[in-house]
Amino acid sequence: MTLRLISALAPVLAILLAAPAAAQQSLPTPQPTEQVPEEGLSGAVSDDSDWQDLGIAIPAFATDADVPTQTSAGSTSALGMSVARVITDDLKNNGLFKPVGPDALPRPAFAQVQAPAYDTWAGRSAEMLVQGFVRAAPGGQVTVGCYLYDVALKQQLAKAGWTVGPGDWRRAAHKCADLIYSRLSGENPFFDSRIAYIAETGPKDRRMKRLAIMDSDGANHRYLTTGQTTVLTPRYSPDYRSILYLSYFNGSPRIYIYDLETSTQRLLLQSTNPVFAPRWSPDGKWVLYSMATAGNTDIYKMPSGGGNAVRLTDSPGIDIGGSFSPDGTRIVFESDRGGSQQVYVMNADGSNQRRITFFGGRSATPEWSPRGDQIAFTHIAGNFRIAVMTPGGGEMRYLTDSWQDEAPTWAPNGRIIQFFRTTRGSGKAGIWQVDLTGRNERKLSTPVDGSDPSWGPLRP
Amino acid sequence: MNKTRTIRTAILLLASSAALSACASKAPKQLPPDPGANISTNTTQGSVQGIVPGSQADFAAQMMGQDAIYFDTDRYNIDSADMAALQTQAQWLARYPGKRATVEGHADERGTREYNLALGERRANAAKNYLVSVGVDAARLMTVSYGKERPVALGSDESSWARNRRAVTVTID
């Protein structure tokens, strides 16, 4: 499961690609992605039409020798085709670009990877060109090199390479897509990430609900529970080693931790009371949970490794959920202490609790953006809609409008939100995502129905 | 004959007053369900054929729909119709003092998932607290919330939602 970045790439690739690399060394090294100012959205949205219309050609990645690999994609040549397809789908499915993939393009030769035939690509109206290579590496590993070129300027914009185990070849493709996305958009990467969610099957009154995980593009899908017990509301740990979730395993709702390395689960804490709504702190050191005592629900905080819990709220209403600010100093949560579900903010020690939603209707399921600049939530006034606002409760904007959308979760870069949408009547639910403009909305492809998505951080 | 008619009239009066109060407050129109032909009408204490007295099946049959109480959207207060149902439950529980019960709290689908879990718990506790106030030992009663995860009415309309906003008492065999 290790993914080794060939850092700065130039020296390593100089060895790997002896001849072409020589011409390479005077070219600029990969530039760090530009940080966009934290305030507001202007100029920083995810589908700026200027570059959404960019013609990006992504031909199959070349190989120096077509040899078998232990990857699911086949030989290095077949793998080069698959890698380019994954990159194309990443960029296309998120509404960010309109790339042309390897199935419609000629395949460059290995020697052309670092010496693109610019005039040929210009003739195909490509403004940007992604080329790369795949090589077998010792120990069954594969090395993937990734290059982004500006065709008009005849200039390399970015490059990187990774050596990965055979089971992680898609991660190298996601890393390449992340490199392209970051370089062209100025935003932080997010494709190399995973999602935990609840897979749903069966009729409305007997829905089977299973814990499941998948890559950000739906690949490497795996069920973690059998469905004999109802499970809900998973949350990936920041290090991807475990998942907090709610289970009715012993008949009543309690929070369990699923350990992904040992495939075992344990109770978060012993309690005679119902415990639900688990959340991690951004550093993984704390867990928030909500516990009902005699019908009154409050939010608690405990060390994730075990230890004494601290009660953070004590209002007579329902206080539930919670999402830390990225710096861990504040928590946004939901309470009906004022008569209806509204969103509140408090310090991480429970002090200074104050309501921030005054939009009419009800406001629920707040989730703090990993960038810190926005809070996503469910606004309920007739329809259930996904909306965002500033941490101060200003500038509310709707991103969706459907009968019932709820439970937003942020992409690692804070630019895309997933949520689940329930169909009126049938009760069938699906996982959807939308970007911060609200214009690029799509349903994720999952093997069965899905709800409660939890998007993990960018993988290292 | 005369006696039978008196009892039948009394039952009809009770039923219609229950229906009226249901309409006047918030209980769904479909409820309580028709008791059906196999329910004895000559005594509330008689056992139904094939059902063991004191069992959950007996409880469910005897309650004639009053094993569940219903709530308004986002509410958990116990109104007079709920009190009548809970008193009927308490009377049965008083006859079988060895029986324990779970009060299951539910919400309709028009709420967010986690809030509905907390809301179902609040409703179950409201029902439990009333049962305790009319003499049921609190140690005999447990609560569990299923939020919106276990609807009984499958439509996405007001009458279905009204039937799903409920607290159901289930005795433990």
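This is a short tour of a predicted model, from chain A across to a sheet in chain B.

Start by selecting chain A and colouring it by secondary structure. You'll find six helices and 30 strands. Next, colour the chain by burial: of its 460 residues, 50% count as buried. If you draw a contact map while you're there, look at the pairs with a separation of 6 or more; residues 24 or more positions apart account for 47% of those contacts in chain A.

Now bring chain B into view and select the contact between the two chains. Chain A puts in 31 residues and chain B 21 residues. On the chain A side, pick out the elements that give two or more residues: strands E10 (231–236), E14 (275–280), E15 (286–293), E18 (319–324), E22 (362–368) and E26 (405–410). Recolour that side by residue class and you get 11 nonpolar, 14 polar and six charged residues.

Hide chain A and move on to chain B. Look for the open sheet of four strands, ordered E1-E4-E2-E3, with mixed pairing. Select strand E1 (68–70) and strand E3 (141–147) of chain B: these stand at the edges with a single partner strand each, so one side of each has no neighbour in the sheet. Look along the sheet and check the twist: neighbouring strands are turned by 20 degrees against each other on average, ignoring direction.

For the last stop, zoom in on strand E2 (residues 100–106) and strand E4 (residues 166–172) of chain B. They run antiparallel and are joined by six bridges. Which residue in E4(B) is the bridge partner of Val103(B)? Click across from Val103(B) and you land on Thr169(B).

Notes. Residues are numbered from 1 along each chain as its sequence is written. Chains are lettered from A and ligands numbered from 1 in the order in which they are written. This is a predicted model: local features need pLDDT of at least 70, side-chain atom pairs count only at pLDDT 80 or more; totals for chains, interfaces and linings use all residues. A residue is buried if 20 or more other C-beta atoms lie within 10 Å of its own, exposed if 12 or fewer, and partly exposed in between; C-beta atoms are placed from the backbone. Two residues are in contact if their C-beta atoms, placed from the backbone, lie within 7 Å. Ala, Val, Leu, Ile, Met, Phe, Trp, Tyr, Cys and Pro count as nonpolar, Asp, Glu, Lys and Arg as charged, and the others, Gly among them, as polar. Two strands pair if DSSP finds at least two bridges between them. Axes are lines fitted to C-alpha atoms, for helices over the stretch in contact, and angles run from 0 to 180 degrees between N-to-C directions.
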